Amino acid sequence: MEFSLSGNPLKTFSRSITCLARVGNELVLRASPSQLALHTLNSSRSAYQSILFKPSFFDVYTVSGSQIQCSVLLKAICSVLRTPIASIDNLTVQLLDPDASKVKWTLECCSGMKKAYWITCNVEPDIQHLSLDRRKFPSSFIVRPHDLSRLLGNFQSSLQEITIIATEPTSLPSDVAGEIGGKAVELRSYVDPSKENDSLLHTQLWIDPSEEFVHYTHTGDPVDVTFGMKELKAFLSFCESCEVDIHLFFEKAGEPILMAPKFGLDDGAGSNFDATLVLATMLVSQLHQGNPSEPPQAAAAAAERMGSQAPEERCRINVPEHPSDHTRIWSELSGSVVRSGSSVEERLAQGERNLNSGEQGEIQRIGAMRISKDRSVTEDIPGRSTVNDHGFSQRHPSNWVDADEDDDDDNGDENGLCVQSTPPYYEEH
């Protein structure tokens with residue numbers, strides 16, 4: 001096997017390696033006369049990424065035999081590509097023999113310097129093959145990387161999981177529709193319920209698909225999927241650098257979510273490479289958890305109702321005006337903060353349920369999705385959504401906001417914590 005590339009294809013190949021390295025540790029190369037496939041699977045088997053390159057992508061592409069396969073550590077490849085891409089004139093990769101123990105990587109620099117690296121490989125890798133038909137996912141949307149990056153910027157950088165809730169715009173009740181409008185998609189921060197939650201920052205965004213998305217498809221009852229932010233951001237950076245939109249396909253909680261670049265009207269028919277990222281999702285649906293998705297106006301009304309309570313039994317909630325008519329943001333400091341409309345006894349009972357609850361949201365590993373060796377898997381993915389009846393909010397300690405850092409509490413009242421909402425987003429013109 002031998003292939004070489006330069007120019008823009010070299011930049012795309014380097015971005016692909018960077019994206020794959022943020023998902024898994026080991027890279028599997030499968031070369032055939034028709035394509036070069038790069039695969040990786042993370043250690044928890046909850047994320048699987050595949051990038052395919054056609055022979056036309058390379059300057060030189062030669063494969064002797066029907067198929068050559070091997071695996072190498074992504075860390076070693078990243079060390080090879082540590083040389084600035086702008087200073088590389090040509091990259092050549094060679095596997096001199098199907099049973100060779102090392103792969104040769106050669107860099108020809110613009111300065112005339114030539115660098116050669118021999119990376120140890122495994123010629124009998126554990127090949128995993130995941131087959132999912134994108135056309136069978138009932139819900140999907142296409143978003144520009146810049147817009148998705150702006151939306152995710154409203155969440156804390158330490159957030160590990162995020163929930164997407166999709167509904168039909170016409171399915172909203174009349175009173176709710178009047179407040180939220182056509183905002184049929186919600187992005188919600190997810191935090192682990194198994195962690196102690198004294199003061200958690202929870203952020204929710206209501207989005208109008210017609211304003212933020214290029215295309216949006218969903219019919220039927222509301223559905224939600226909760227998945228990792230790390231892999232999402234890695235794929236977002238890859239698509240943004242390649243200047244292509246992101247196409248997300250999903251079904252419901254417990255079923256995998258699939259991401260792929262959207263190349264245009266031909267959907268990749270004229271492109272010489274393609275990428276797929278499949279992430280496992282939480283088995284437990286977030287639609288019926290103890291932290292409902294109330295609109296910002298409802299939060300303001302709740303704050304007014306709390307005005308008659310003693311300062312030590314309430315927190316003050318400031319809800320800013322939202323000049324943007326297609327995206328609304330609401331953040332709350334919850335956990336130890338008292339929610340409106342509940343008695344002291346109810347809150348104590350809620351706390352006991354939180355402490356005694358043994359049921360936790362689980363991630364369905366991709367291993368349960370029937371990843372098979374060198375064979376396709378059916379679209380029948382086990383694991384269905386379940387409803388948590390304990391009513392606790394699922395949050396993660398990495399999102400905690402330490403109340404001790406509040407320097408504005410000059411009156412010495414520890415319970416008089418003032419909670420500031422996330423400021424609204426002002427779209428630049």
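# Cysteines, salt bridges and one open sheet

Cys 239 is buried, its relative accessible area being 0%; buried stands for under 20% relative accessible area, exposed for over 50% and partly exposed for the range in between, with a 1.4 Å probe and protein chains only. The model is predicted, so local features need pLDDT of at least 70 and side-chain atom pairs count only at pLDDT 80 or more, while totals for chains, interfaces and linings use all residues. Residues are numbered from 1 along each chain as its sequence is written, and side-chain values use heavy atoms, without hydrogens and water.

## Exercise 1: cysteines

Determine how many disulfides the structure has, and state why the sulfur of Cys 239 is or is not bonded.

Step 1. Apply the criterion: a disulfide is a pair of cysteine sulfur atoms within 2.5 Å. The count by this rule is 0 disulfides.

Step 2. Take Cys 19, which is in no disulfide; the nearest cysteine sulfur belongs to Cys 239 and is 7.6 Å away. Cys 19 is buried, at a relative accessible area of 2%.

Step 3. Take Cys 239. The closest cysteine sulfur to its own is that of Cys 242, at 6.8 Å, which is too far for a bond.

Step 4. Place these residues in their helices. Helices are DSSP runs of H or I with at least four residues, strands are runs of E with at least two, and both are numbered from the N terminus. Cys 19 is among the buried residues of H1, as are Leu 10, Phe 13 and Ile 17. The buried residues of H6 include Cys 239, Cys 242, Phe 235 and Phe 238.

Step 5. Compare helix spans with expectation, which is 1.5 Å times one less than the number of residues. H1 (residues 7-21) has 15 residues and reaches 22 Å from first to last C-alpha, close to the expected 21 Å. H6 has 14 residues and reaches 20 Å, close to the 20 Å expected. Just after H6, Glu 243 takes a positive phi of about 60°.

## Exercise 2: salt bridges around H3

Find the salt-bridge partners of Asp 147, and state whether Asp 147 is buried or exposed.

Step 1. Set the cut-off: a salt bridge needs a side-chain nitrogen of Lys or Arg within 4 Å of a carboxyl oxygen of Asp or Glu. The whole structure has 6 salt bridges.

Step 2. List the partners. Asp 147 bridges to Arg 144, with the closest N and O atoms 3.9 Å apart, and to Arg 150, with the closest N and O atoms 3.5 Å apart.

Step 3. Locate the pair Asp 147 and Arg 150. Both residues lie in helix H3 and are 3 residues apart, about one turn of the helix.

Step 4. Check accessibility. Asp 147 is buried at 13% relative accessible area, Arg 150 is buried as well, and Arg 144 counts as partly exposed at 43%. In helix H3 (residues 145-152), 6 of the 8 residues are buried, so the helix is largely enclosed by the rest of the structure.

Step 5. Extend the set: Arg 144, Asp 147, Arg 150 and Glu 212 are linked in a network of salt bridges.

Step 6. Turn to another bridge, between the side chains of Arg 135 and Asp 133, at 3.2 Å from N to O. Arg 135 is exposed, with a relative accessible area of 74%.

## Exercise 3: the sheet and strand S4

Give the strand order of the sheet, then trace the neighbours of S4 and the helix packed on the sheet.

Step 1. Two strands pair if DSSP finds at least two bridges between them. The open sheet has 9 strands in the order S6-S2-S3-S4-S18-S17-S16-S10-S14, with antiparallel pairing. Its edge strands, each pairing on one side only, are S6 (68-73) and S14 (215-217). From one strand to the next the twist averages 15°.

Step 2. On one side, S4 (residues 47-53) pairs with S18 (residues 273-279) over 7 antiparallel bridges. Leu 52 has Asp 274 as its bridge partner in S18, and Ser 50 has Thr 276.

Step 3. S3 (residues 35-41) is joined to S4 by 6 bridges, also antiparallel. Ala 37 stands opposite Leu 52. The S3-S4 hairpin has 5 residues between its strands, and Arg 45 in the turn has a positive phi of about 60°.

Step 4. S4 is mostly covered, with 6 of its 7 residues buried.

Step 5. Helix H6 (residues 229-242) packs on the sheet and touches S4, S16 (245-250), S17 (257-262) and S18; contact is heavy atoms within 4.5 Å. The direction of H6 makes about 165° with that of S18. Axes are lines fitted to C-alpha atoms, for helices over the stretch in contact, and angles between N-to-C directions run from 0 to 180 degrees.
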